[in-house]
Amino acid sequence: MRVEFFLLVAALLFTIGCVGVLVRRNAIVILMCIELMLNAVNLTFAAFAHESQSMTGHVFVFFVMTVAAAEAAVGLAIIIALFRRRRTTDIDDASLLRW
Amino acid sequence: MLQLLWLIPLLPLAGFAANGLLGARLLPRRIVALVGCGSVLAAFVLSAGAVRELAGGRFTQPLFEWLPMGQTPGGSDLTVSWGYALDPLSAVMILVVTGIGFLIHVYSIGYMEHEPRAGFARFFAYLNLFMAMMLTLVLGSSLPVVFVGWEGVGLCSYLLIGFWYDRMFDEKAKMSCADAGRKAFLTNRVGDVGFVLGMLILFGATGTLDIQGILEGAGSIDPWWCGAAALLLFLGACGKSAQIPLYVWLPDAMAGPTPVSALIHAATMVTAGVYVTCRMAPLYLHAPGAMLIVAVVGGLTALFAAIIGIAQDDIKKVLAYSTVSQLGYMMLAAGAGAFTASVFHLMTHAFFKALLFLGAGSVIHAMAGEQDIRRMGGLRRHLPITHATFLVAVLAIAGIPPFAGFFSKDEILAGVLEMGGESGSPVALALWGLGILTAAITAFYMTRLYLLVFAGAPRMPEEKRHHLHESPAVMTLPLVVLAVGSALAGFLGVPEFIGGLPNYLEHYLAPIFAVSGHAAALTEQTQGGAALSEGTALGIALFASLAGIASAWAVYRRGPLAAGPGAAGPRGLTRLVKGRFYVDEAIDAVVLAPYRGLCRVAAAFDERIVDRLVNSVGAAADLASQLGRLAQTGYVRNYALVFFLGTIVVLVFVVLR
């Protein structure tokens, strides 16, 4: 298959994730959207690696997956802490640090 | 012992460090008193040993390079070394300072017994610091060292006048003791400007700051500069020694504890101006105009303060004006060229005025703080020792033979008559008349003081009469020693023409004041052609004193003057004298009021212009940040959006480049 199809799907996924981050207010959904964006990137890496017959892209995908796992753990921990204190996961309610 | 000269100022300084650092918390009162008095006694013993070994010579002890400032463009050496010098003049001074200082330290143990421990230690620490500074002033071998002592004693004077800084001193004028201290300090600053300027002129003219060097080069200074330097130094002396017009601080300095008045404001510090004038005698001899001014200011101060002294009702104020008056006497002598007489009177005055103040302190102690002589009287029976010693001091200051004041006052008057080598010139006669008049008034107000305090019927309330008691031995012993001094010190300087005893002091001081040879030649000329023979002059002076005593006896024998019938208060001349000629008020109107106006203008400029400028810079920064903070919404989405847009911008830039 041509690499353009993979790139198109990846771009679609990234856009969905990006818009989700910008418009949604639920912290869990935002976290999921970030995962979506990361996976779009992963797809791009894999597609190019396959195209150019190089292992570099595959190695990068593993790195991204590891970091994404760590990020999800930290993010969920923050959300749980936020929920415990304020009984909500709405990020617009977490604006205390604003002057 | 001469090699230990450096130790003399250092010992009281060590006492100050010990009492000042540890006294308030750690040391018991007994130790504080022991350290305070012991260090001064040790300094006295060292001084006596050093003076004995000196045997009338001159000894200089450079210690270390203090201000190594190198050479001036003119080629003169500006390096100041810290050193001490002992010669007959400073020998007399250190013996007076440490000897009388020690007696007053001992007296203070009794006088300050009701003070809490911290205050007790603070008091002795200050007194010791004062001794160290006074000895530095007297022994300093160069003008900057003298100036350190000069400022140091001024500082101690300030600290001790305001010792009871939380108490009121003058209810009517709303002046606290701290205010009185400040007044003394600031008035002295005016004089100190003169001292520093004089010092600079002398450095410019002679290229050295060493006193001996300056005096040796005094002859070659341009007469104008010489006169200017002499007058500027005299301005400093006016401040320290309370001469017109800078005398106003001394009466208010009575806010301090009485031993302080005795030590600093009678016996030692206030004579520093006279000492410096005598120290610089060769300089003054080259500036006859300046000497005349010194003599006139001294004479006027003597008379003026004595007149005010007649009308004071506070026992310490009477003594304060008397001190101003006697200092005027010393200045008169110095200005007339009779430096030996000036130092002689300085010494005898230290004895009898310290005695008067300590006696007054004993009276105040017995009266539980009462200082108004109108509410005293009849204390003779209750305070026998204080009474006897006080009487000796009164006779000494009034100039009754054979007490000390008689001889020194006579020396001064004789010196004034021969002023400038022209015996009986109109100026000399006029100043001599001032002196005689002052002598009569002095005898008058001292007799008045004595009669109102010790003689007659008691005028204090009944409950105070039971409280009356003679002071403890620690206070009366110094009184007795000082009384012996006041009675006998005069025999150190018996005039030649009376004979019997040689004039020890004049012989001792001769090498100092005959440096130029010029003055000696002048006094030789006058022999024979005197307008008044010394005997006649002495008779007139004695008659003036007796007349003063007799008239005071006639007026005040039965107690203070009752208010005149129907008079609402003192009027005319009496009112003027009672109000101290309103000098304080005049200074307030002429000097302080314009100064306060200037301060108000400066304050307005500061508030309206300087502050406003600075504030507007702050306001501009504030406004800018008000705008900036609008961008900070606190919503993650907004930040994410900006982040996203920024990424796009970077991408577009990278792609299109």
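Q: How much of chain A counts as buried, and how do I judge that?
A: The idea is to count neighbours: a residue is buried if 20 or more other C-beta atoms lie within 10 Å of its own, exposed if 12 or fewer, and partly exposed in between, with C-beta atoms placed from the backbone. In chain A, buried residues make up 11% of the 99 residues. Please keep in mind that this is a predicted model, where local features need pLDDT of at least 70 and side-chain atom pairs count only at pLDDT 80 or more, while totals for chains, interfaces and linings use all residues. Residues are numbered from 1 along each chain as its sequence is written, and chains are lettered from A and ligands numbered from 1 in the order in which they are written.

Q: What is the corresponding share in chain B?
A: Of the 657 residues of chain B, 50% count as buried.

Q: Which secondary structure elements does each chain have?
A: Helices (H or I, at least four residues) and strands (E, at least two) are DSSP runs, numbered from the N terminus. Chain A has three helices and zero strands, in the order α-α-α from the N terminus on. Chain B comes to 26 helices and four strands.

Q: What does the radius of gyration tell me about chain A?
A: You can set it beside a globule rule: the radius is taken over C-alpha atoms, and the rule is 2.2 Å times the number of residues to the power 0.38. For 99 residues a compact globule would come out near 13 Å, but chain A has 17 Å. Its C-alpha atoms fill a box of roughly 50 × 25 × 25 Å along the principal axes. For chain B, the C-alpha trace spans about 120 × 70 × 55 Å along its principal axes.

Q: How do I read contacts between residues far apart in sequence?
A: Two residues are in contact if their C-beta atoms, placed from the backbone, lie within 7 Å. Among contacts with a separation of 6 or more, pairs 24 or more positions apart account for 46% in chain A and for 80% in chain B. Leu86(B), in strand 2 (residues 80–86) of chain B, makes a nice example. Leaving aside neighbours within four places in sequence, Leu86(B) touches Leu5(B), Ala50(B), Leu54(B), Phe59(B), Ala91(B) and Leu139(B). Ala50(B) is 36 residues away along the chain, yet the two C-alpha atoms are separated by 8.6 Å. Leu86(B) is buried, with 25 other C-beta atoms within 10 Å.

Q: How do I describe two packed helices?
A: Use the angle between their axes and the distance between the axes. Axes are lines fitted to C-alpha atoms, for helices over the stretch in contact, and angles run from 0 to 180 degrees between N-to-C directions. In chain A, helix 2 (residues 27–52) and helix 3 (residues 56–86) pack at about 175 degrees, with their axes 9 Å apart. These two helices of chain A are therefore roughly antiparallel, a label for angles over 145 degrees, while those under 35 count as roughly parallel, 65 to 115 as roughly perpendicular and the rest as oblique.

Q: Which residue classes make up that contact of helix 2 with helix 3 in chain A?
A: Ala, Val, Leu, Ile, Met, Phe, Trp, Tyr, Cys and Pro count as nonpolar, Asp, Glu, Lys and Arg as charged, and the others, Gly among them, as polar. The contact has 17 nonpolar, five polar and one charged residues. Chain B offers another pair: the axes of helix 1 (residues 7–23) and helix 2 (residues 29–54) come within 8 Å and cross at roughly 175 degrees. That makes helix 1 of chain B roughly antiparallel to helix 2 of chain B. Their contact divides into 12 nonpolar, six polar and no charged residues.

Q: Is helix 3 of chain A largely in the open or buried?
A: Of its 31 residues, the number buried is zero, so helix 3 of chain A lies largely in the open. Helix 3 of chain A reaches 44 Å from first C-alpha to last, close to the 45 Å expected, where the expected span is 1.5 Å times one less than the number of residues.

Q: What stands out in the backbone just after helix 3 of chain A?
A: Look at Arg87(A), which follows that helix. Arg87(A) has a positive phi of about 60 degrees although it is not a glycine. With 8 C-beta neighbours inside 10 Å, Arg87(A) counts as exposed.
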